[in-house]
Amino acid sequence: MSENSGQSLQSSSVSSVAASASSAASAANAEVVCDISGAVKHQGVYRLKNGARLEDLIEKAGGLTKDAQLQAINRSQLLKDQDKVYILGKGDKTEAAQTANSAAASSPSASASASSVSSSASGAASGDLINLNTATASDLQKLNGIGEKKAEQIIAYRQEKGSFKSIDELKEVSGIGDKTFAAIKDQLTIYLQAGFYFLLALASVSLCGIFQSQKWGKLFALAALIYLLFLLKDKYGGLVKLAMAFLLLLTLVLAKDQVKPGEPAGDIRLYPDQVKITDGWLSGRGQTATQKVQVYGPASREALALLENGQSIDLTEVSGAVSEIEPSTNPGQFDYRRYLASQHVYRQVKLAHYQFKLAPASLLTRLHGLRWKIQAYLKRLPRLLAFFCQ
């Protein structure tokens with residue numbers, strides 16, 4: 001009997017230990033312990049209920065910082081015990097992948113989560129968004145799950161249907177299912193990027209510099225243009241043709257506006273308030289059909305009489321030397337060229353021969369006539385007072 005009593009007591013003890021172990025295991029399974037770092041306010045190790053999502057862990061860590069890359073985060077990701085999570089911040093490219101791989105190697109239970117984070121790092125953080133409407137086949141193959149065949153199918157669809165109206169339209173391409181689309185949608189765009197506009201603007205300025213600068217300035221502008229075109233090709237390969245088309249159009253506009261030295265100036269209108277007459281010599285600003293020019297040369301008595309009476313005249317059958325306005329050459333010298341450029345005057349005409357006629361009456365000629373009368377009145381005032389009034 002004593003032996004039976006001992007066996008019963010031993011069995012009871014084993015059952016108690018087993019129950020305790022089972023209770024401890026249940027308690028352990030009721031929560032997960034995860035490590036979070038990166039672009040969160042409070043990095044560290046946190047305990048959460050079993051079945052918690054990444055969103056719960058982020059909340060425990062105080063939330064995301066302003067530098068967090070939201071497109072690289074799957075907040076619905078299911079967490080498991082011993083998961084290591086790295087939240088990408090601005091400028092991060094490889095840290096997440098390295099951290100995830102390290103976590104996967106040290107903890108088999110964390111391998112699925114690490115793989116997910118690593119995928120985000122290599123996808124959304126690998127660089128700028130890819131434009132569906134301009135990307136080349138090589139650009140598209142940078143996307144997760146897009147090989148040569150699928151890239152060709154996307155381009156074929158784009159050529160057949162025209163530009164993509166939305167990113168979701170990509171799912172209509174053969175071979176692009178919901179799973180593939182979900183994996184790459186955060187890496188796509190259908191809009192041109194701000195960096196492209198900025199580089200194109202700089203290239204346009206450089207192109208203008210080629211036409212407007214002198215000698216070494218032209219070479220510098222040309223070198224800058226070549227460098228910017230290289231950046232456009234390297235950064236936005238699919239948009240190079242669009243950029244080249246725009247720059248070609250701008251080149252045609254600038255070339256049309258150029259007047260070669262010695263080229264006939266065409267008809268020029270002179271307003272009385274914009275010219276100065278000294279001893280039969282006329283100088284001032286004129287207006288052609290397309291641009292303003294600086295004019296100087298001898299004037300006939302009849303033309304001078306009209307201008308001195310506040311009348312506007314048109315010079316026709318003009319012949320003379322047309323040239324660009326020379327810049328200042330000496331230190332401290334007034335830069336007349338820069339001053340005239342601020343008034344949108346870039347060329348000068350030295351009059352040799354012309355015919356003239358009275359300009360047709362219009363609101364503009366009347367306003368210039370009124371301004372000439374005001375100038376004539378101010379000339380009769382004391383010099384200092386006239387200076388401030390003008």
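Which residue in β7 is the bridge partner of Thr278? The partner is Trp281, and the views below, drawn from a predicted model, begin with the whole chain and then turn to this strand pair and other sites.

**Figure 1. Overview of the predicted protein chain.** The chain contains 14 helices and ten strands. Of its 390 residues, 35% count as buried. When contacts between residues at least 6 apart in sequence are considered, 59% of them join residues at least 24 apart. The accessible surface amounts to about 23800 Å², and carbon and sulfur atoms account for 57% of that area.

**Figure 2. The hairpin formed by β6 and β7.** Strand β6 spans residues 268-278, and strand β7 spans residues 281-287. The two strands run antiparallel and are paired over six bridges. Thr278 has Trp281 of β7 as its bridge partner. Two residues lie between the strands, and one of the residues in the turn, Asp279, has a positive phi of about 50°.

**Figure 3. Asp279 in the loop between β6 and β7.** The phi angle of Asp279, near 50°, is a positive value in a residue other than glycine. Is Asp279 buried or exposed? Asp279 counts as exposed because its relative accessibility is 81%, above the cut-off of 50%.

**Figure 4. The hairpin that joins β7 to β8.** Strand β8 comprises residues 292-298. Its pairing with β7 is antiparallel and extends over seven bridges. Gln287 has its bridge partner, Lys292, in β8. Four residues make up the connection between β7 and β8.

**Figure 5. Surroundings of Ser283 in strand β7.** Apart from neighbours within four places in sequence, Ser283 is in contact with Val275, Lys276, Val295 and Tyr296. Val275 and Lys276 fall within the range of β6 (268-278), whereas Val295 and Tyr296 fall within that of β8 (residues 292-298). The relative accessibility of Ser283 is 27%, so this residue counts as partly exposed. Leu351 lies 68 residues away along the chain, and its C-alpha atom is separated from that of Ser283 by 9.8 Å.

**Figure 6. The largest pocket and its lining.** The volume of this pocket is about 500 Å³. Its lining consists of 14 residues, and those nearest the centre are Pro272, Val275, Lys276, Gln375 and Lys379. Two or more lining residues come from each of β6 (268-278), α11 (301-308) and α13 (363-379). Which element gives the most to the lining of the largest pocket? The answer is β6, with six residues. By residue class, the lining comprises six nonpolar, three polar and five charged residues. Val275 and Lys276, listed among the residues nearest the pocket centre, are also contacts of Ser283.

**Figure 7. Ser206 in helix α8.** Helix α8 covers residues 194-212. Ser206 counts as buried because its relative accessibility is 10%, below the cut-off of 20%. Beyond its neighbours within four places in sequence, Ser206 is in contact with Ala221, Ala224, Leu225 and Leu228.

**Figure 8. Gln82 in the loop between α2 and β3.** The loop that holds Gln82 lies between helix α2 (54-60) and strand β3 (84-87). Gln82 has a phi near 75°, which is a positive value in a residue other than glycine.

Notes. Residues are numbered from 1 along each chain as its sequence is written. This is a predicted model: local features need pLDDT of at least 70, side-chain atom pairs count only at pLDDT 80 or more; totals for chains, interfaces and linings use all residues. Side-chain values use heavy atoms; hydrogens and water are left out. On a 1 Å grid over the protein atoms alone, a cavity is a set of points where a 1.4 Å probe fits but cannot get out, and a pocket is an open set with protein on both sides within 12 Å along at least five of seven lines; lining residues have an atom within 4 Å of a point. Grid points are joined across faces, edges and corners, and a volume is the space filled by probe spheres set on the points. Ala, Val, Leu, Ile, Met, Phe, Trp, Tyr, Cys and Pro count as nonpolar, Asp, Glu, Lys and Arg as charged, and the others, Gly among them, as polar. Two strands pair if DSSP finds at least two bridges between them. Buried means under 20% relative accessible area, exposed over 50%, partly exposed in between (1.4 Å probe, protein chains only). Contact means heavy atoms within 4.5 Å. Accessible areas come from the Shrake-Rupley method with a 1.4 Å probe; for residues, only the protein chains shown count as cover.
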